[in-house]
Every structure is written in structure tokens, then in C-alpha cells.
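Subject: Structure handover

Hi,

Here is the structure I promised to pass on. Please open it alongside this note; what I found follows below.

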Amino acid sequence: MIISLKKIYAKNENIKAYLLLFPALMLVILAMASPMLLTFLTSFHTQVSMMEIDTTLTIDRYKDFFNKPVYTTLLGRSLKISFFVTLVTLITTYPLAYYIAFYVKKNKMLWIVLMTLPFWTSYLLRVFSWKVILGHKGVVNSALMAVGMIEEPLGFLIYSQTAVVLTLAHAWAAFAILPLYVSLDKIDKSLLEASYDLGNSKFQTFWRVTFPLSLPGVIGAILIIFIPTVGDYVTPQLVGGTDGRMLSNMIQALFGRANNFPLGAASAVIMLLSVSSVALIVTYITRKVSLRMS
Amino acid sequence: MSDKEFIKIKNVSKKFDDVVAVDDVNIDIAKGEFFSLLGPSGCGKTTLLRILAGFEYPSFGKVLIDNIDVTDITPNLRPTNMVFQNYAIFPHINVKRNIEFGLRKEKLSREELNQRVNDALKMVQLEGYEDRFSNQLSGGQRQRIALARALVKQPKVLLLDEPLGALDKKLREEMQLELRKLQRSVGITFIFVTHDQEEAMTMSDRVAVMNKGQILQISPPKDLYNNPKNLFVGDFIGQINFLESEVKSVDQQNVKVSIKNLGDYTLTYIDNINQGESIVCAIRPETIQITKNNDQIKSDISVKGKISNTSFYGNMTYVYVEIEGIKKPLMISTSDPLEGLTYNSDCFININLKDIRLIKKN
């Protein structure tokens, strides 16, 4: 019996693969797939009273979502804030990754580790330190007032969408650097020389060769930042104020004080679908545009 | 300026930190010439080529192409194009767009552009490959596309950095012939870098042999083989025997030389030698004849030896003969079937004085 099992195991590559996947697969099914399925189901139910949920299937919760402007406004704001977070992160981390990939000759790994050093402290601590930096009596405002550039503290710095964008962009920078660095470092340097040799300036070479070849990294970074930041609710809670509240804060409230699980679930499903479609569209467009450029 | 000085490399040196990669090099290359830079790895040949392309700037000296000083001009503005060692085909665009890549500046119409790409593909015999991507091409095809991409720009000089190195032997030999044919038909000056002496010899009009950053000899292939000017060149190109000798006396035309263990002989004069100087007599293995007895053929030198080894190469055989008092066995190549001449048997080797080249020790 054991011998024949061993034989099957040795012969069948598929069985090997499934066995290796099994622990991760179970974890994903238990911790991801089933809660999501439950959320999806709940979104078709109705909250009757505090403790009671009517499980008759209905699409009324989705109707509720689109009929009350507050939900769609918050969804739009979530997507907008995440878009700017992604943009700011890319613009700030791409040059860093580029520098490490092309100009650092020795100890590249050390550079990468040093870049991620600030991220070894807790996420909450970092959000709080941004509060200290951006607050009414924070570092930025006091400094600007001390040198006499402004009379009163700048109001838009804290408890605003700007604050949320800045804080989130900083929080996710380390995750963007890695895929960008890997894709840039992989580029064969002779390709850049070939482009230069064929009459392109360094700037043209960047747009015609380097950037298109780094796209897998760019798309990776976009997805890594955009997808989780849409759902972030800690940062908007702490530095967003009323103006910076996002859909995730509303979902949290619906599952909490507002006590409307089905509507919260419907909002979560809608957010999931929006994020997925945005991610798909971004990937598609980036590919198209980059091919046209070169 | 004459066409003989189409490219002028004047006192060019290049230092990387403390390492001298190129050491005071002077070369004139004629228009339409197929010129090779030959040398072992690390001899500075690639650095010199990169200086010509503009990827490196010389620490000292000048480069002139078609009478224009290009020393400080960036690669994108030079009249040179390069075929890279690994071909550097852009992987994100197809063959057609690879070939068009360098033509954007010329503001050609779609039809003209298509025409140029077609002509280029035809030239390298890869018509119909427009839509392929780099990973769908073989090594040889990639190499042709790299050639087409560079030649479509109609450069004054084409620089080739060991472009045949990655191909297998058969294909490499085929490409050597093809490359030479192509160069003749387009009439563009080719500067070809290689460490493979056979490659340099079969294709080039002239070859510059480099070692340790210096040019040792610039000659047409035949001259390089028949009259090596120093020990390195003699040793690097083909097979050769060196015999330790001493200069006995020198006059206007002749040099009397005592070859160690072989006796005194009178040879043709070469420059800058003095009486008493120790010198080397160089003999190519194919000019030495091997016989069973010493009366079979007439020769200037005939010495008895013992066969210490033979190696068979199909069209010829290398025979190593030990001679008393000479440290290294003499190497002899022959196309004769060596009847009766096997390992450990006695034989005679016959050398004619006209086949001996005197080479000064450095």
C-alpha cells in the first residue's frame, strides 16, 4: 500500500504540486474565500432590527447604495485618494529604484534594506508621527510660522484628503520600491547603449526603452498600492477628518455603530468590484500606452 | 585628408582608476576597410571600440572620423553604429520596429520607412520576419537583425563587438563569409573586435594585434602570419616554434646567427639588432619537413629527433619532435600519411633558412 502510494507520488507531478499547495490553499479557503462568500451572501439580506436579519434574497441593499449619494460620493473619494496615493508613490519611488538599479554599483541590497528601514516601525506609529508633522502646531506649520512665511497654521495640512494621500503614500513607498527595482535591475544595460548608439538622447532612451521595459514593475507597484489603500480606514480615521473620510470608514460604521450588516456587505462587494475593474483597466491602458511610446 | 586616413586614432589612452586599458594607440583606418582589433580578453580591444562608439571617452588623445574630431561627441550624434556582443535586440518591440528604431530622427514617410526596413531585411536575408519578437529568433537571426538595425542608419563606420562569439562553429564560419560579402557590397568601413585569430584572419583587410592595451602590429593577415614582428604576435597567430639563438655578427644584409644546438646560419638582416644579442628564430610548423632518413630531401638544416607525440586533425597531423638539447619539442604539421613514423620512433626534421624569421626579444 505504502509502496504504491510512493510510486504514485513519484510519478505524478500534479499530485506533488497539490500536496505542496495544500497548506496555503486551506488557509486561503478558510481565511479568505469563505468570509468573502459570507459577505457576498449577507449583501443580499435585510437588517430588520438590532439583532435580526431577514435572509430572504433581495438586491435592495445595492439599490440603497446607489440611491443615497453619500455612498457613491465616498466610493468616488476612496478611488480618487487611492489614485493620488499611487501617483505620488510612483513619482517618488521610481527615481529611487532607478538610482539603485543603474547607479549603485556595490551593496545594492544594503541600499534596499536602508530604504525600507522606516517601515520596520509600526504602521500606527508612522501615522501618528505624520500627525505630529502635519498638525496645527506641528513641525511644518511651526517652521513656516517661525520663518514668517505664514501668519496662521495651514488648515489643509491635517484632517484633509491631502493628509491622507501623504500619509498613505509614505506608508506604501517600501512596497513600491521592490517591484520597481527588480524590473529596472533586470534591464540589460546594452539595450540602453544600443538606443543611445542608434541616435536617441538619454531622455528619449528612457521613454523608448527603460520605461517600457520597467512596466511589469510599474504595474506591480500600482496594483500593490492601489488595491489595499482603497480599503484603508485607519489613516483616514486618524488624519483625514470629515473631509478625508473614505468608504471603508463607512463600511466599518455599518458593521459597527450603524448596525446594518447587509448594507455594509453590499458596500464592500461594490468596492471590491470597483477596485478590480480599475486595476484591470489601469493594467490594460499602461500596456497600450507604453507600446505606442516606443 | 586621403581616404587612407578616414578614421584617425591619435595617441589614444584610457585609464580606469589605475589600470591602463588602452595605452597610447595610433591607428589610421581607410575608407571601406574591414579592420579587425585582435587580442586576448582584457587586452583593451573592446575599450578601444567603445571609445570609437562614444561610450567611453579617452583619458588622452583624439579620434577623428572623416576629418571631424569626434572625441567629445556623444554616441547618438556620431556617424558610427554598433553591433553588440549580445545583439541587444529590444525585447518589447518586434523586428520591424527594432530596425526602424534609429530612423525616427530622419522624419521619413511611412512608405520610405517601410522601404528602408524591407531593404535592410532583404540585405540580411530575413524578409518576412517583421512581426517576430527577439525571443522568437535564433542566435544567428538576432545577429542579422542587429546588423540590419545598424546598417539601416547608413553609418560611416560600423563597429562590431565580437558579434560571432555566441554562434556555434558551423554558423560562425558561414557568417564570416557572409559578413565579408556584405561589407564589400555596402562599402561601409567595418571595425571588428575579436579574440578569435581565425575570424580576424579570414575576414579582414588589416588586423591590429593588441595586448595589454598596446598595439603590437598592424598588418594584412598574410603579413601577420608570415612576418610576425614580435613574440606575442607570432605566438598568438597560428602555431609557431621559437628557437633560442644568439647574434654572432651583423652586416648590411645578413645576420649570422647561432641557433642553440642546431649550429650557425646566415639569415636576412632585420632592423635594430646587435652583435651578441640573444634573439629568437621563429619557424611555422608547416614549413618543417619530417623524414625517416636524412638523405630523402635537400634542406638547409637537418637534425635527428625522436617523436614524442602525434595528434591527428583529419586534413593534417601535428607531430611533436624532441631534439637533444632543445627544451620544448618542435611542432611540425604535415598532410602526409606518416608511414613508419609513430610514437617514440627516430626521425629527421628538415628546415630551410628562408622559412626562418628572426624576432627580437622584448
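One cut-off first: buried means under 20% relative accessible area, exposed means over 50%, and partly exposed lies in between. Arg206(B), with a relative accessible area of 24%, is therefore partly exposed. Keep in mind throughout that this is a predicted model.

**Salt bridges within chain B**

Arg206(B) has a partner. Its side chain meets that of Glu33(B) in a salt bridge, 2.5 Å from N to O. The two come from distant parts of the chain, 173 residues apart. Arg206(B) sits in strand β9 (residues 206–211). Glu33(B) lies in the loop between β2 (19–29) and β3 (34–38). Is Glu33(B) buried or exposed? Its relative accessibility is 7%, so Glu33(B) counts as buried. Arg206(B), at 24%, is partly exposed.

A second pair in chain B is Glu5(B) with Lys8(B). Their side chains form a salt bridge at 4.0 Å, N to O. Glu5(B) is partly exposed, with a relative accessible area of 31%.

**A salt bridge within chain A**

Lys108(A) and Asp185(A) pair through their side chains, at 2.9 Å from N to O. This salt bridge also links distant parts of its chain. Lys108(A) belongs to helix α5 (residues 108–116), and Asp185(A) to helix α8 (residues 161–185). The two residues are 77 apart in the chain. Lys108(A) is at 21% relative accessibility, so it counts as partly exposed. Asp185(A), at 29%, counts as partly exposed too.

Over all chains, the structure holds 20 salt bridges.

**Where chain B meets chain A**

The contact draws on 24 residues of chain B and 21 residues of chain A. Together the two chains bury about 2,000 Å², with 55% of that on carbon and sulfur atoms. Which three residues supply the most of what chain B buries? They are Asn76(B), His92(B) and Phe101(B), which give 30% of the area that chain B buries against chain A, more than any other three residues.

How many salt bridges cross this interface? The rule finds one. It joins Glu193(A) to Arg50(B), with the closest N and O atoms 2.6 Å apart. There are also 10 residue pairs in polar contact between the chains, with both residues at pLDDT 80 or more.

On the side of chain B that touches chain A, α1 (45–53) and β6 (80–83) each supply at least two residues. β6(B) gives the largest share, three residues. By class, that side has 11 nonpolar, seven polar and six charged residues.

**Domains of chain A**

The assignment splits chain A into domain 1 (1–42) and domain 2 (71–293). Their centres, taken over C-alpha atoms, are 34 Å apart. Four residues of domain 1 and six of domain 2 make the contact.

The area buried between the two domains is about 370 Å², and carbon and sulfur atoms give 89% of it. What about charged and polar links? The count is zero salt bridges. It is also zero residue pairs in polar contact, counting pairs with both residues at pLDDT 80 or more. The side of domain 1 that touches domain 2 has two nonpolar, two polar and no charged residues.

Best wishes

Methods
Residues numbered from 1 in each chain as written. Chains lettered and ligands numbered in written order. Predicted model: local features only at pLDDT ≥ 70, side-chain atom pairs only at ≥ 80, totals over all residues. Heavy atoms only, no water. Contact = heavy atoms within 4.5 Å. Buried area = accessible area lost by both parts, 1.4 Å probe. Polar contact = N/O pair within 3.5 Å; in protein donor to acceptor, adjacent residues only side chain to side chain. Helix = DSSP H or I, 4+ residues; strand = E, 2+ residues; numbered from the N terminus. Nonpolar A, V, L, I, M, F, W, Y, C, P; charged D, E, K, R; others polar. Domains from an automatic or database assignment. Buried < 20%, exposed > 50% of the residue type's maximum accessible area, 1.4 Å probe, protein only.
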